[in-house]
Amino acid sequence: MSSLIERDRATLWHPYAPASATLPLWEVEAADGVALRLRDEQGHTHEVLDAMSSWWSMIHGYRNPVMDAAISRQLSRFSHVMFGGLTHQPAVELAESLLAMAPGEPGRRLERVFLADSGSISVEVALKMAVQFQTASGRPKWQRFLTIRGGYHGDTFAAMGVCDPVDGMHSSFPGLLARNVFAPRPPAAATANATASAAAIAEWREEVEELAKQHSNELAAIIVEPTLQGAGGMFVYPPECMRILRDIADHHGLLLILDEIATGFGRTGELFAGQHADVVPDILCVGKALTGGYLTLAATLCTGEVARTVSAGEAGALLHGPTFMANPLACAAANASLGILATGAWREDVARVGAGLAAGLAPALKLDAVTDVRTLGAVGVIELRDAVDIAAVTRAAVERGVWVRPFRNLVYAMPPYISSATEVGVMASAMVAAVEETSEQRVAA
Ligand SMILES: *Cc1c(COP(=O)(O)O)cnc(C)c1O
């Protein structure tokens, strides 16, 4: 009888992995609060704190009683119905809550919600909305997108097409990806090691303005992750750069799409990261933490103007409709998560987690292998000179009771909001120790 891990290795794909994956794999036996109980390939169990919130999503912790009860309640009513021609309470309540909490300003209010089944799909829908908006506005040739380098917007084709053209997957699908317009990355925000100068921001502004001018009669929208680029490199840029993008979009009649799939719901210290510069988008994507990490769901919000224009276009409709659109269980989970956020406790939680990460990760700056340490909200990042040995760092952290999943040259954490100061301290010191141990090994080898 082979072990579960062996059976997995014989049958499954894992994210961005070869079929013959030899990277270490752990079986999750239990999850509760901030903790996972893992079983390794030798059959040993490890209690670890999840510093990843299951990829930014599990903000209120595993088996949260409020979340569990909300889903059970909906399960006892019905778990799914089609959304064509039918509606239900969890979806309507979710749309109302999202619109009530979304940023807005006079003349620019988010008034309409499309419920998608994953973040990538919500980005596809946002891009479609923008193109349909421009077509319906008499500009059918405006079909390309301007974005900044270093971004990540998902793994479906249109979304991949606005991911970073070098670090994204463009080279593997050359004929299939739309040729979009890539502006340089903004200068880095002030961190322990670097400060963005006004001159650097002004120079960046000129470059983006020039690109937008050059392509203004073929662009539908500007799409960016606000303030923090996540999977594209955990890069923090000055919030005023979003304001610059908002102005450029307005100047040329382009829409501004903010992809808040990673940053939304408080992770960066504001409910939405665009709010660091009071920037209101025409289209907003949310996902990941939307359901408190319980079920897959994302949403694309748009202004009343976008919704009305798209609907009045020749197509007469927004051309998208997933089978599992507005899944009632997922909507019930999202409503429960938004209810927990509505207490406002997240603000204090995010500040506590952020302070713990800042203090706990600071010692990493003394390591030779480390080039930068930065935090924003409840996100903490150690950037290394060289690519991380993912297996070695993950193992070293697990041995110290912490779950992390580094990528490229980054070891980072975005703990659940419910993490205590002590737990964040354990996460941070395990990360620093894992980096220290694995980079020493490198020097030795
Ligand atoms: C994760 C992520 C996506 C994709 O979401 P999926 O649910 O994985 O499809 C898109 N944009 C950003 C900013 C993300 O972090």
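Salt bridges in a predicted model

User: Why is Arg-144 called buried in this predicted model?
Analyst: Arg-144 has a relative accessible area of 17%. Buried means under 20%, so Arg-144 is classed as buried.

User: What makes the contact between Arg-144 and Glu-218 a salt bridge?
Analyst: The N to O distance between the side chains is 3.0 Å. The cut-off is within 4 Å, so the pair qualifies. Arg-144 is in strand 6 (residues 144-148), while Glu-218 is in the loop between helix 7 (198-215) and strand 8 (219-224), 74 residues apart.

User: Why is Glu-218 called partly exposed?
Analyst: Its relative accessible area is 23%. Partly exposed lies between under 20% and over 50%, so Glu-218 belongs there.

User: How do you know that Arg-308 forms a salt bridge with Glu-111?
Analyst: The closest N and O atoms are 3.9 Å apart, and the limit is within 4 Å, so the pair counts. Arg-308 lies in helix 9 (residues 304-312) and Glu-111 in strand 5 (residues 108-116), so the bridge ties together parts that are 197 residues apart in sequence.

User: Why is Arg-308 called exposed, and Glu-111 partly exposed?
Analyst: Arg-308 has 56% relative accessible area; exposed means over 50%, so the label fits. Glu-111, at 42%, counts as partly exposed.

User: What makes Asp-282 and Arg-246 a salt bridge, and which network includes them?
Analyst: Their closest N and O atoms are 2.8 Å apart, which is within 4 Å, so the pair qualifies. Salt bridges with shared partners join Glu-105, Arg-108, Arg-246, Asp-250 and Asp-282 into one network.

How values were computed: Residues are numbered from 1 along each chain as its sequence is written. This is a predicted model: local features need pLDDT of at least 70, side-chain atom pairs count only at pLDDT 80 or more; totals for chains, interfaces and linings use all residues. Side-chain values use heavy atoms; hydrogens and water are left out. Helices (H or I, at least four residues) and strands (E, at least two) are DSSP runs, numbered from the N terminus. Buried means under 20% relative accessible area, exposed over 50%, partly exposed in between (1.4 Å probe, protein chains only).
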